[in-house]
Structures are given as structure tokens and as C-alpha cells.
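The following note collects comments on the packing of the model under review. It proceeds point by point and is meant to be read beside the coordinates.

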Amino acid sequence: MYQEERLNNIVDYLKQHGRISIQDICHFFEVSRDTARRDLLRMEETGLIIRTHGGAILPKQANKVHEYRERLVRESEEKHRIGVFAASLVNNGDFIMMDASTTVQFAAEHLTATNVVAVTNSIDNADVLSKKPAVRTYLLGGELHPQHRFLFGQATIEKLRDYQADKLFLGACSITPDGLFYLNEEDGFVKREMIKRAGQVVVLADHTKFGAQMFYRVCGLEAIDLLITDKQPEQAFVDILQQNNVELLIVSETEN
């Protein structure tokens with residue numbers, strides 16, 4: 001089989017399955033690991049794929065993140081389950097922080113703990129939490145991002161420095177062996193300060209967030225204490241999480 005034909009078949013496989021490993025390429029096309037790596041390098045150079053640890057995925061279209069309200073409508077049952085489980089981790093009397101992600105909003109909606117103090121830069125999360133009598137809510141000031149509905153800027157970061165939380169709940173645009181990535185640098189600055197102010201960093205991310213590289217790196221994996229997702233990542237990535245002391249929790253359909 002010529003390389004061009006093999007590359008086309010790899011793209012077809014990715015469209016059906018979402019990701020492919022070097023081992024898969026070796027098995028399906030009866031080539032060596034070196035040949036499989038050269039195939040992926042060529043495909044990456046032409047923009048056909050994004051290389052991941054041990055394999056590849058298709059690039060997201062223009063790395064687009066939909067506007068917040070549109071994302072909330074589009075969100076999957078998997079993200080809802082992750083949010084519900086995350087809410088159960090909040091204890092009575094906890095001081096928590098929540099970023100501006102739709103999965104974290106699901107956690108806010110299902111919060112049942114009492115005597116909780118919550119700090120957020122999300123106007124939607126603040127609205128949800130304000131309806132819970134057992135939660136005192138602090139909405140950080142700053143400039144409003146109209147599409148993604150978060151507050152950001154130097155005023156936001158300065159105010160964050162006044163707080164210390166037991167737990168921080170973060171969404172994610174992308175998780176790779178290099179850490180957490182986001183599209184908006186302004187929001188990333190706020191998340192980075194939140195991480196400094198939290199005793200435990202809890203990341204909520206469904207399986208589609210693994211592998212895709214995005215614009216702005218907020219932190220390395222070593223900054224994460226707990227990762228909640230809906231499907232087991234590839235074993236190579238699980239090993240990397242363990243090396244960075246990240247606890248992994250898988251929320252199955254039977255959890256909630």
C-alpha cells in the first residue's frame with residue numbers, strides 16, 4: 001500500500017473513531033512503528049491531524065469554542081453526570097471557587113451542601129448559586145467577556161488574592177500531557193490565580209477534551225489534584241496522570 005493511500009485510510013479511521021494510536025496503525029496497515037510515526041509526522045505537517053502521546057486525533061474545526069449559552073444547550077449527558085458527581089464532593093461549610101464553564105455550572109445547579117461560601121468569575125454560576133439559601137456567593141469584579149460570560153482583568157485577579165478556598169472546580173478546553181489549555185488568555189490568567197488560592201484543584205472534563213492542543217497553557221498536570229471524566233483515557237495518559245499524582249475518577253452511566 002502506498003503512503004498516500006495509507007494516510008487517507010488513517011483519516012477515514014479517525015473520522016469514525018476519533019483517535020488512532022501508533023499501535024493501531026502498525027496493526028491495521030502492517031507497517032513498523034517508525035513508518036507509523038513518519039505517517040503521523042507528515043499528516044501533522046499538512047494539518048490533517050493533531051499528534052497526541054502515542055497517536056493522533058483530528059483537529060477541532062478552527063479550535064472553536066461556542067458561545068456560553070449555545071454550549072449550555074449543546075452539553076452532553078456525560079457532562080451533566082460529571083457535574084452532578086462534582087457537586088457531591090462539596091462538604092458542609094466548604095469554601096469553594098468555580099470557574100466559568102458549563103460543566104461546572106451543572107455542579108453549581110446540583111449543589112446540596114449547606115453553609116457553603118462560593119467565589120466565581122462566572123455571572124451564570126453566580127446566578128445559579130444566588131438561588132441557594134445555604135450558599136453565600138461572591139462574584140468577582142472586572143471586565144465582562146460578552147460571549148463566554150466570565151469576568152476577567154487585573155481587578156479580578158487582585159480580588160482573588162483576598163481569598164483562599166478549600167476546593168476549586170475547573171472546566172477544561174483541552175488536557176494533554178503538558179497540562180490544561182484554554183482558548184482565552186484572559187480567562188486563563190484568572191484560572192491560574194484561582195489554582196494558587198485553592199487547597200484542592202478539581203478538573204471536570206469529558207473524554208473529548210483529551211489530546212487536542214489549544215492556545216493558552218494555564219498549568220501543568222502537577223497542579224491538578226483530581227480529574228473527573230466519563231471515560232477511561234488511553235493507558236499512556238493514565239500513566240502520565242499517575243506520575244503527576246493526579247487522582248482519576250470515572251463517572252459511569254450508573255453513577256447517578
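1. Ala86 has a relative accessibility of 0% and therefore counts as buried, the limit for that class being under 20%. The structure is a predicted model, and the statements in this note should be read accordingly. Ala86 belongs to helix α5. Beyond its neighbours within four places in sequence, Ala86 is in contact with Ala107, Phe169, Leu204 and Ile228. As a reference for distance, the C-alpha atom of Ala86 is separated by 27 Å from that of Glu158, which is 72 residues away along the chain.

2. The burial of Ala86 may be set against that of its helix. Helix α5 spans residues 77–87 and is mostly covered, with eight of its eleven residues buried. These buried residues are Lys79, Arg81, Ile82, Gly83, Val84, Phe85, Ala86 and Ala87. Their packing partners are helix α6 (102–109) together with strands β9, β12, β14 (226–229) and β15 (247–250).

3. Helix α6 deserves a separate comment. Because seven of its eight residues are buried, α6 is largely enclosed by the rest of the structure. The buried set in α6 consists of Thr102, Thr103, Val104, Gln105, Phe106, Ala107 and Ala108. Ala107 is also one of the contacts of Ala86.

4. How do α5 and α6 lie relative to each other, roughly parallel or oblique? Their axes come within 7 Å and cross at roughly 50 degrees. Angles under 35 degrees count as roughly parallel and 65 to 115 degrees as roughly perpendicular, so α5 and α6 are oblique to each other. The crossing of these two helices is right-handed. On the α5 side, Lys79, His80, Ile82, Gly83, Ala86 and Ala87 take part, and they meet Thr103, Phe106 and Ala107 of α6. By residue class, the α5–α6 contact comprises five nonpolar, three polar and one charged.

5. Attention now turns to the nonpolar cores. The largest of them has 37 residues, and Ile175, Leu180 and Val203 are those with the most contacts inside it. The elements that supply two or more residues to this core are α8 (154–160), β9 (165–170), β11 (179–182), α9 (185–196), β12 (198–204), β13 (216–219) and α10 (235–243). A second core, separate from this one, has 22 residues and includes Phe85, Ala108, Phe169 and Ile228. Of these, Phe85 is among the buried residues of α5, and Ala108 is among those of α6. Phe169 and Ile228 are both contacts of Ala86.

6. Which residues does Ile175 touch, not counting residues up to four places away in sequence? They are Leu180, Val203, Ala205, Lys209, Phe210, Gly211, Leu221, Leu227 and Phe237. Ile175 lies in strand β10, residues 174–176. With a relative accessible area of 1%, Ile175 falls under the 20% limit and so is buried. For its partner Gly211, the sequence separation from Ile175 is 36 residues, while the C-alpha atoms are 5.9 Å apart in space.

7. The helices at lower residue numbers offer two further crossings. Helix α1 (residues 3–17) and α2 have axes that come within 12 Å and cross at roughly 120 degrees. The upper limit for roughly perpendicular is 115 degrees, and α1 and α2 are therefore oblique to each other. The crossing of α1 with α2 is right-handed. Arg6, Asn9, Ile10 and Tyr13 of α1 form the contact with Asp24, Ile25, Phe28 and Phe29 of α2. The residues of this contact divide into five nonpolar, one polar and two charged.

8. The second of these crossings joins helix α2 (residues 22–29) to helix α3 (residues 33–45), with axes that come within 9 Å at an angle of roughly 110 degrees. This angle lies in the range 65 to 115 degrees, so α2 and α3 are roughly perpendicular to each other. Their crossing is right-handed. Ile22, Gln23, Ile25 and Cys26 of α2 make the contact with Arg33, Ala36, Arg37 and Leu40 of α3. In this contact there are five nonpolar residues, one polar and two charged. Ile25 is named on the α2 side here and also in the contact of α2 with α1.

Definitions and conventions: Residues are numbered from 1 along each chain as its sequence is written. This is a predicted model: local features need pLDDT of at least 70, side-chain atom pairs count only at pLDDT 80 or more; totals for chains, interfaces and linings use all residues. Side-chain values use heavy atoms; hydrogens and water are left out. A nonpolar core is a set of buried Ala, Val, Leu, Ile, Met, Phe, Trp, Tyr and Cys residues joined through side-chain atoms within 4.5 Å. Buried means under 20% relative accessible area, exposed over 50%, partly exposed in between (1.4 Å probe, protein chains only). Helices (H or I, at least four residues) and strands (E, at least two) are DSSP runs, numbered from the N terminus. Contact means heavy atoms within 4.5 Å. Axes are lines fitted to C-alpha atoms, for helices over the stretch in contact, and angles run from 0 to 180 degrees between N-to-C directions. Angles under 35 degrees count as roughly parallel, over 145 as roughly antiparallel, 65 to 115 as roughly perpendicular and the rest as oblique. A crossing is left-handed if the near helix is turned anticlockwise from the far one by less than a right angle, and right-handed if clockwise. Ala, Val, Leu, Ile, Met, Phe, Trp, Tyr, Cys and Pro count as nonpolar, Asp, Glu, Lys and Arg as charged, and the others, Gly among them, as polar.
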